[in-house]
Amino acid sequence: MIVYGRKTCTNQSQQNIFERMCPICYATFDMGCISNINILKLSKMEEYILIFRHQDGSKVASPEQIQAWMKQTMNWIGGIAAQNKFVSGTGLPFDDAKVVHHNNIVTNGPFGEIKETIGGYIMVKADSVDEAVEFAKGCPVLQGEGNTVEVRKIAKGDGIH
Amino acid sequence: MKQQELIPHLFRTEFRKITAVLCKLFGIEHIEVAEDIVSETFLTAVETWPYKGIPENPVAWLYAVAKNKTKNHINRNRLFADKVIPQIAQTGTDDVEIDLSEKNIADSQLQMLFAICHPSISTEAQICLALRILCGFGIDEIADAFLSNKDTINKRLFRAKEKLRNEKIAIEFPAEAEVNNRLETVLLTLYLLYNEGYYSESRDVVLREELCFEAIRLTGLLIDYDKTNLPDANALLALMCFHASRFPARKDQNGEIVLYQQQDENLWDQHLIGKGAYHLHQASQGGRLSKYHLEATIAWWHTQKADTPEKWESILQLYNKLLQIAWSPIAALNRTFALAKANGKPQAIVEAEKLQLNNNHYYFVLLGELYTGIDNQRAKANFELAYTLAKTQTDKQTIQNRIVLL
């Protein structure tokens, strides 16, 4: 497992204490702001990690293609974030990748005999694994044949899970 | 400015200045005394100006009266004098120096801002205190802003003041290491203050824009002080300037709101746009990307009236980032609007239907906008739902106008 442990952004919870309208709406669809400060309800949702598995990480894409994927990925993540269900996430560049083997043997890149590798992950909040799966279905990584997104629940760290 | 406008206007701008100076003089434990003296000063103005006329220099008049009231209070109230005077270092009882110079006012306010944003009290209480002490808000107005009632706010203010007293918080600049921690709350408070002015519940336009400019001035104090002249503060100031640049174009002669698309961009204040651009540039030194940076950059794009694909693609990506670090319903709605502009309405409708912000009338306004031209029946139904949920007359009117256009 590449991602270990659970990252919670305390900064975010601090900023979310008040959900307050920013003035920008006037500029976009121009209807004014909601001017009240509401206490955000604390969510009891589970967290899931969506792991992007690439069938062949050694494939090379054109800069234009990479840029198009980036846009799609950002829009996909933005759509999840707009529902307030995004927790964190990152891409994992293939450059400089190393694999440490048994007996501390180090090899370059994850691509030896097996070309499958992990290209990144995001963590989301969801009511159920089914909802997390629905998020995963929109992942642009799945446009590549043979690529998969693995959906896993994050352990709660409460000594039971 | 007419008298009935002048006193509320001065209350907005001067209440916090005098209160901050007096608080600093007395110590934060006597915050109520400072508030009382300043309130009495304004009461005197309300009582005498209608008969004697408005003084030539109303601000100087207020300062003079406040000084006198302070001296009288110190002399008269032995208990207070016994407690307070020993604390006013190196100052004799007969000649208490009340320094209402521009520099001391600026320093006192800034120090007060940091004292109020002390970590020993909750963020909510900090904002309440700031609105009360530094922005001269009435309890009613604070209660409105927090969707709460007067009792709750009074209790919250009381507890917060008690806490400041018990913790013996000094009105001074925090240590360097502490500045960053406190700055976050300070900026949030100023951001909320600006918002309060930007979206007026009432139709009192002059007064509300005044609040926005007060927020700009207070944020400017942070920029003038070396240790708080930091990227986030600059980004917040840029954000405020960009939005304020459209004030002259936002209202027509009758005080009705003019929507962005219909605004005459010749009325946009180029000086403020330039000032915003300067501070956004300052904000970009240091590699930080706070929510203020993102919002300011979005606001910069809105100073460009032309509807280019580049504009909306940039705005969409900025909202995508903003939502990852600071979700808010309006950011979610605006992001969906930008998505419609960048990638077309059908895609945006799918995303909008997932948001389910069902108690938010702007949500239905957005759905109405998105369905317009695609399914006008649905558009109308959504606008009507928005109309029912809208709370202010201005919002209802704007939605009504939109329905008529269908």
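## Salt bridges and the second largest pocket

A:Arg53, A:Glu116, A:Glu150 and A:Arg152 are joined to one another in a network of salt bridges. The model is predicted, and the structure holds 23 salt bridges over all chains. Three pairs are set out below.

| Pair | N to O distance |
|---|---|
| A:Glu46 and A:Lys153 | 4.0 Å |
| B:Glu214 and B:Arg16 | 1.5 Å |
| B:Lys380 and B:Glu384 | 3.1 Å |

**Chain A pair.** The side chains of A:Glu46 and A:Lys153 form a salt bridge with an N to O distance of 4.0 Å. This pair links distant parts of the chain: A:Glu46 belongs to strand β3 of chain A and A:Lys153 to strand β8 (residues 148-153) of chain A, 107 residues apart. How accessible is A:Lys153? Its relative accessibility is 47%, so A:Lys153 counts as partly exposed; the range for that class runs from 20% to 50%.

**Chain B pairs.** In chain B, the side chains of B:Glu214 and B:Arg16 meet in a salt bridge at 1.5 Å, N to O. B:Glu214 sits in helix α10 (residues 205-224) of chain B and B:Arg16 in helix α1 (residues 3-26) of chain B, so the pair ties together parts that lie 198 residues apart in sequence. Are B:Glu214 and B:Arg16 buried or exposed? Both residues are buried, a class that requires under 20% relative accessible area.

The salt bridge between B:Lys380 and B:Glu384, at 3.1 Å from N to O, lies within one helix. Both residues are in helix α19 (residues 376-389) of chain B, four residues apart, which is about one turn of the helix. B:Lys380 has 34% relative accessibility and therefore counts as partly exposed. B:Glu384 is also partly exposed, with a relative accessible area of 37%.

**The second largest pocket.** This pocket holds about 1000 Å³ of space. How many residues line the second largest pocket? The lining has 33 residues, and those nearest the centre are A:His54, A:Trp69, A:Phe94, A:Gly119 and A:Val141. By residue class, the lining consists of 17 nonpolar, 12 polar and four charged residues.

Several elements of chain A take part. β3 (46-54), α2 (63-82), β4 (86-91) and β7 (117-126) each supply at least two residues of the lining. Which element gives the most to the lining of the second largest pocket? Helix α2(A) does, with six residues. Strand β3 of chain A thus appears in both parts of this report: β3 (46-54) supplies at least two lining residues, and A:Glu46, the partner of A:Lys153, lies in strand β3.

Methods. Residues are numbered from 1 along each chain as its sequence is written. Chains are lettered from A and ligands numbered from 1 in the order in which they are written. This is a predicted model: local features need pLDDT of at least 70, side-chain atom pairs count only at pLDDT 80 or more; totals for chains, interfaces and linings use all residues. Side-chain values use heavy atoms; hydrogens and water are left out. On a 1 Å grid over the protein atoms alone, a cavity is a set of points where a 1.4 Å probe fits but cannot get out, and a pocket is an open set with protein on both sides within 12 Å along at least five of seven lines; lining residues have an atom within 4 Å of a point. Grid points are joined across faces, edges and corners, and a volume is the space filled by probe spheres set on the points. Ala, Val, Leu, Ile, Met, Phe, Trp, Tyr, Cys and Pro count as nonpolar, Asp, Glu, Lys and Arg as charged, and the others, Gly among them, as polar. Buried means under 20% relative accessible area, exposed over 50%, partly exposed in between (1.4 Å probe, protein chains only).
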